[in-house]
Amino acid sequence: MGVLENRNYKKIISFILTLTVAIGLFTGVFTVKANAYTSNSEIVEEKLKSIVARYGEENVLFEDGIYLEYGESINLSDSEKYQGVLWTSEDNEILEVNGNVIKGINYGTTFLVGSKENKYYIKEVYVHESEEKQARSMSYMDSRSSSQFVAYVDAGHGGYDPGAVANGLKEKDLTLSIALKVKAKLEAKGIKVVMSRDTDKFLSLQDIANKANTSNPDIFISIHINSAGATSASGIETYYYKGVDKPLASNIQDKLIEYTGANNRGVKWEEFYVVKNTKMPASLVESGFITNVNEANKMKTASYQDTLARAIADGATSYLFDQNPLVANRLYGSTRYETSYEIFKKGWNSSETVVLASGLDYPDALCATPLASKYDAPILLAKNTSLKNQADLTNLLKSRGVKKVFIVGGTGVIPSSVEKELSNMGISSKRLGGQNRYETSVKIAQELGSTTGEIALASGLDFADGLSVSAIAGKRNMPILLTQANNIPKETLNYVKSLNIKKTYVIGGTGAISNSVANNFSGVERLGGSNRYATNKAIFNKFKNELDLSNLYIAAGLDFPDALASSALASKQNSFVVLSNSKYAEQEVKDIVSSSRGSIQNLYVLGGKTIVTDNALYDLGIRSIR
């Protein structure tokens, strides 16, 4: 994209037109009329092809476009570059030419052709409404229903329009390559990306702007490569038009200069069509000069393109996140039992069924989430005593309309008196407990009655891996079965043999479940890492495309109660429970939150400040804790 050397008249836009042109807001005034099946881009491309064919491609120079208000005139002789050029209008009903003076006499888009020494300059001219009318017709702060951030990324030029050409490179190829890398990096941060093009395709400026406005993104980024008559011109600059655009442009420009060390040409105001005519915060990036041999040599390398893309993506995400800081909401009670009650109240107005699990030890309850998910039930923690000694739990069961309770575990963890007390309250109960934790996991799986053909296999000697997969297992109606590290309990093995298992997710590293154990199962895929946080991340990455991350839960990774209780709610919402260190944020936890940042609307932290400290949350980029 070339920059005019003389900017004495601001209405000549610093935009190498090539074949990308802006269609006017009033499409009925085009020289070529559209039929119902022809897009603006097709109309424009065909018109320009005819102009090029008329003069010969080797004789044509694609120039900066001109942006005129209705009734406005400019004198092209103000630019030394155009001294001695003879100008003609392709549509005298839109654009009037009188020597070097051109005047917009009707709304619409046409082309200006200048001839000099057997060379022909082609300029797009867009005649538009007054600034006041446009301002009244546009809203820059449209509300959006989606919680996920959306970015519209425009790869400048394309198709029949090569953009600036120099040093063996074409602008359209560079912009597409960089734009695709920006897309991947934004998506890795949880931001949805809409592309103007992802192939070598021509698009008119109006089609780009209209599609962006229809997509209703949070930001718009147009990527271009600069050019100049002086081959020494160098550096990166980013443009804005609307006041709301400038913070975005500044963030991107700052990152570009920081990451590349390029000459800083600054953040500048200009009337680029796609920036001016998009409703959301928008910016246009000139990523370097294709006419500068040193910058061209850098831009043709994949590594430098990746640096540019990383800078653009990081600048965009820092803008989005600064404008929408993360807020954490603590969800907890004074005890682990009360925390489970608060989770119930948060996720359910009422529930006919609940799952009751021990709050003192994890093994029996570790596999309960899929069962809870099947019945849309919360998991409540109970003490190892009668209900008459648990008034809060008793009152909650009564007030929330509970009619059935699954008691997970044997009478050694939840006494048999509880069943009689439930019956006296008019609540039926069913105990799912075996002689050991492995048999209990089988009994829960049998009650679940899954026919999906997949299981999750987790260690029965620690809680973290089983809890990491629990919300996923609940949503997929997938039983969680427990095993030892180097030996398969007979209860687990016999149950698996009775099923037609086609897929086994082995949760954790080989220290948790050895390969010799894993090899006894069908369709094995190990989801594990070097520690519980890395395993949590591996599970998240495997299933993140299936998740709704508008709500995300963070629970302590060093104790089980809060993660267990919250897994039922996370499963209900098709979300995920992130396990965190209590005092600081592990890198894996940072990665999960960062990659989900574009989607998170509500972030819930299970437990008070002693369970997951404020410092750990600040490490995650959370700026406010409620």
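**Figure 1. Glu 90 is a buried residue of this predicted model****.** The relative accessible area of Glu 90 is 16%, which places the residue under the 20% limit for burial. Glu 90 forms a salt bridge with Arg 54, and the closest N and O atoms of the pair are 2.9 Å apart. The two partners come from distant parts of the chain: Glu 90 belongs to the loop between β5 (86-89) and β6, whereas Arg 54 belongs to helix α1 (residues 40-55), and 36 residues separate them. Unlike buried Glu 90, Arg 54 is partly exposed, with a relative accessible area of 43%. Salt bridges with shared partners join Lys 47, Arg 54 and Glu 90 into one network. Across the whole structure, the search finds 24 salt bridges.

**Figure 2. Strands β4, β7 and β6 form an open sheet****.** The three strands are arranged in the order β4-β7-β6, with antiparallel pairing. At the edges of the sheet are β4 (73-75) and β6 (95-98), each of which pairs on one side only. Neighbouring strands are turned against each other by 20° on average, with direction ignored. Between β6 and β7 (residues 101-104), which run antiparallel, there are four bridges. Within this pairing, Asn 98 is found opposite Val 101 of β7.

**Figure 3. Asp 245 and Lys 242 are joined by a salt bridge between their side chains****.** The N to O distance in this pair is 3.2 Å. Both Asp 245 and Lys 242 are buried.

**Figure 4. A salt bridge joins the side chains of Asp 376 and Lys 572****.** The N to O distance here is 2.9 Å. Asp 376 lies in the loop between α10 and β20 (379-382) and Lys 572 lies in helix α18, so the salt bridge ties together parts of the chain that are 196 residues apart in sequence. Each partner is partly exposed: the relative accessible area is 37% for Asp 376 and 34% for Lys 572.

**Figure 5. Ser 571 is a buried residue of helix α18****.** Helix α18 spans residues 561-572. Ser 571 counts as buried because its relative accessibility is 2%, under the 20% limit. The side chain of Ser 571 makes a polar contact of 3.2 Å with the side chain of Ser 373. When neighbours within four places in sequence are left aside, the residues in contact with Ser 571 are Thr 369, Ser 373, Ala 471, Gly 474 and Lys 475.

**Figure 6. Helix α13 comprises residues 437-448****.** From its first C-alpha to its last, this helix of 12 residues reaches 16 Å, close to the 16 Å expected at 1.5 Å a residue. The N-terminal end of α13 is capped by Asn 436, which has a side-chain oxygen 3.0 Å from the backbone nitrogen of Tyr 438. Tyr 438 is itself one of the buried residues of the helix; the others are Thr 440, Ser 441, Val 442, Ile 444, Ala 445, Glu 447 and Leu 448. Among the elements that cover these buried residues are α10 (369-374) and α15 (490-497), together with the strands β21 (404-408), β22 (428-432) and β24 (480-483). Following α13 is Gly 449, which has a positive phi, near 60°.

Terms used:
Residues numbered from 1 in each chain as written. Predicted model: local features only at pLDDT ≥ 70, side-chain atom pairs only at ≥ 80, totals over all residues. Heavy atoms only, no water. Helix = DSSP H or I, 4+ residues; strand = E, 2+ residues; numbered from the N terminus. Expected span 1.5 Å × (residues − 1). Buried < 20%, exposed > 50% of the residue type's maximum accessible area, 1.4 Å probe, protein only. Contact = heavy atoms within 4.5 Å. Polar contact = N/O pair within 3.5 Å; in protein donor to acceptor, adjacent residues only side chain to side chain. Pairing = 2+ DSSP bridges. Axes fitted to C-alpha atoms, helices over the stretch in contact; angles between N-to-C directions. Salt bridge = Lys/Arg side-chain N within 4 Å of Asp/Glu carboxyl O.
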